Structure formats: structure tokens, C-alpha cells
Amino acid sequence: MKYIIALIFAFVLSMNAQTNISKISLDLGIIKNYQYDIGNDKLYSFYPELKIGGEFITKSLEWDLFTSYWNDGITDAFQIRDAATYSYSSLTFGSKVYFYPDKIIDDFFIPLYLTAGISYHKVYEKYVGGSDYVGHHKNDSRFKLITIDVGIGIYFQIFERLKLRIDTNVFIPFKDDDRLYNYGKNETLKLGFDYYFGN
């Protein structure tokens, strides 16, 4: 995975003289858990993201590399008959491109942006309790997911070098993973802060 990130990083920096590293970002929000909803009172988990990025080719585009770790915190088995309960956590690495229409369209009606990217998720599955109708359950395991990421958000320029964002993002697996109730698809809702340190 580190080689993929290094290649993306090198590609981004070599694209154009206007592509640069000029911002660092922190996002705080929630993410939909991988468990089934029935009997689950922890549908969402705390989700932070740390990012570094900058301008990408033109002023209307930005890029970033990001990482995140989240844990659903489930420690007790759901009260569901003939079903096992698992706790999930995920370490994530990815890259996104942001498109800001208001930077190329005069008097654009709202300061929104669109995002698209790809990410790698190292998923940890821990058995908590319960079993199926014959007493079976899965052992602890780990596996990977590769997802296409799409999102939309709005931003507010607080200061010259500080921007506030509110966005939502959906992680869509390249291939459905039937080890997970939702096949590996989940979504986030986040509040983010961008600090620009370039000239």
C-alpha cells in the first residue's frame, strides 16, 4: 500500500507547475458502521481524517492524501436469535480530488464542491458473541477493501488561510464483500478545517 501512495504522490506533483502541497486538513465526523441495523444501537462511529494536499493543475481543483482510523466500540452481543455479533474497525488510506465550480463560474449560487477518489481500507473483524442456529460463528479476521469515493459539500472561507467545510462522502467497494452486512459500502458526515500555508 505504501508504494501505491508514493506513486500517487509522485504523479500528483509531476502533473503541472500549479500542482503543489499547500494545505493541511482535519475532518471530524461520523461513519456508518458495517453491522446490520437490527438490534444494533451503535449505527455510527466517530470518524476523524487527517489530510495533506494542495492545488491540482488549476485553481478550481484541489487534491489530498488522507488517512483515518475508526472503531465501532461494540463490546456486547446484540440480542438477536441465531446471529453472531462482530465488532469492526478500519485503518484507511486514500486520495481525493476536489472540484470547486464557483472558482470558474462567476456568481455561482452556492459555495459547494464535489469530490472523487479512491481508498484502501484495512478492516479488522472481531467476534463479540452469539452464533447461528447451529452454534457457528466466524473467528477474528482482517481483510482489505478498495473503494471508489464520491462526495459533495459546502465550504465557508473563515479567514484568508482557513476554510470550514461540511461534507458527506460515500465509500463504494469495487467488489461487494459478503463478509459484511452492507457489503462494505458506508458513508460519512464530516466537519472539516483546511489551513493553507502556501504563498
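This report describes the fold, the strand pairing and two buried residues of a predicted protein model.

## Overall make-up

The protein has one helix and eight strands. The helix comes at the start: from the N terminus, the order is α-β-β-β-β-β-β-β-β. Along its principal axes, the C-alpha trace spans about 65 × 35 × 25 Å.

Of the 199 residues in the protein, 42% are buried. Contacts often bridge long stretches of sequence. Taking contacts between residues at least 6 apart, 65% join residues at least 24 apart.

## Surface and charge

The accessible surface comes to about 11100 Å². Carbon and sulfur atoms account for 62% of that surface.

Charged side chains number 21 positive and 24 negative. The centres of these two sets lie 5 Å apart.

## The barrel

Eight strands close into a barrel. Their order is S1-S2-S3-S4-S5-S6-S7-S8, and the pairing is antiparallel. From one strand to the next, the twist averages 25°. Strands of a sheet pair through backbone hydrogen bonds.

## From S3 to S6

Strand S4 covers residues 85-99. How much of S4 is buried? Eleven of its 15 residues are, so the strand is mostly covered by the under 20% relative area cut-off.

S4 has a partner on each side in the barrel order. Strand S3, residues 58-71, runs antiparallel to S4 and is joined to it by eleven bridges. Strand S5, residues 112-129, pairs with S4 over 15 bridges, again in the antiparallel sense. S5 then pairs with S6 over 14 bridges, also antiparallel.

A row of bridge partners can be followed across these strands. Start at Asp64, whose partner in S4 is Lys96. Lys96 in turn stands opposite Gly117 in S5. Gly117 then stands opposite Asp149 in S6.

## The S6-S7 hairpin

Strand S6 takes in residues 141-159, and strand S7 takes in residues 162-173. The two pair in the antiparallel sense over twelve bridges. A hairpin through two residues joins S6 to S7.

Two of the facing pairs can be named. Phe156 stands opposite Leu164 in S7. Gln157 has Lys163 in S7 as its bridge partner.

## Ser89 in S4

Ser89 sits in strand S4. Is Ser89 buried or exposed? Its relative accessible area is 8%, so Ser89 counts as buried.

Which residues does Ser89 touch, leaving aside neighbours within four places in sequence? Its contacts are Tyr69, Trp70, Asn71, Lys122, Val123 and Tyr124. Tyr69, Trp70 and Asn71 fall within the residue range of S3. Lys122, Val123 and Tyr124 fall within the range of S5. Ser89 thus has contacts in both strands that pair with S4.

## Tyr196 in S8

Tyr196 belongs to strand S8, which spans residues 186-196. Its relative accessibility is 16%, so Tyr196 also counts as buried.

Beyond neighbours within four places in sequence, Tyr196 is in contact with Ser22, Lys23, Glu62, Arg161 and Lys163. One of these, Lys163, is the S7 residue that is the bridge partner of Gln157. Glu62 lies within the residue range of S3.

How far is Tyr196 from Leu50? In sequence, 146 residues separate them. In space, the distance is 14 Å, C-alpha to C-alpha.

Definitions and conventions
Residues are numbered from 1 along each chain as its sequence is written. This is a predicted model: local features need pLDDT of at least 70, side-chain atom pairs count only at pLDDT 80 or more; totals for chains, interfaces and linings use all residues. Side-chain values use heavy atoms; hydrogens and water are left out. Helices (H or I, at least four residues) and strands (E, at least two) are DSSP runs, numbered from the N terminus. Buried means under 20% relative accessible area, exposed over 50%, partly exposed in between (1.4 Å probe, protein chains only). Contact means heavy atoms within 4.5 Å. Accessible areas come from the Shrake-Rupley method with a 1.4 Å probe; for residues, only the protein chains shown count as cover. Lys and Arg count as positive and Asp and Glu as negative; His and the chain ends are not counted. The place of a charge is taken as NZ of Lys, CZ of Arg, CG of Asp or CD of Glu. Two strands pair if DSSP finds at least two bridges between them. Axes are lines fitted to C-alpha atoms, for helices over the stretch in contact, and angles run from 0 to 180 degrees between N-to-C directions.
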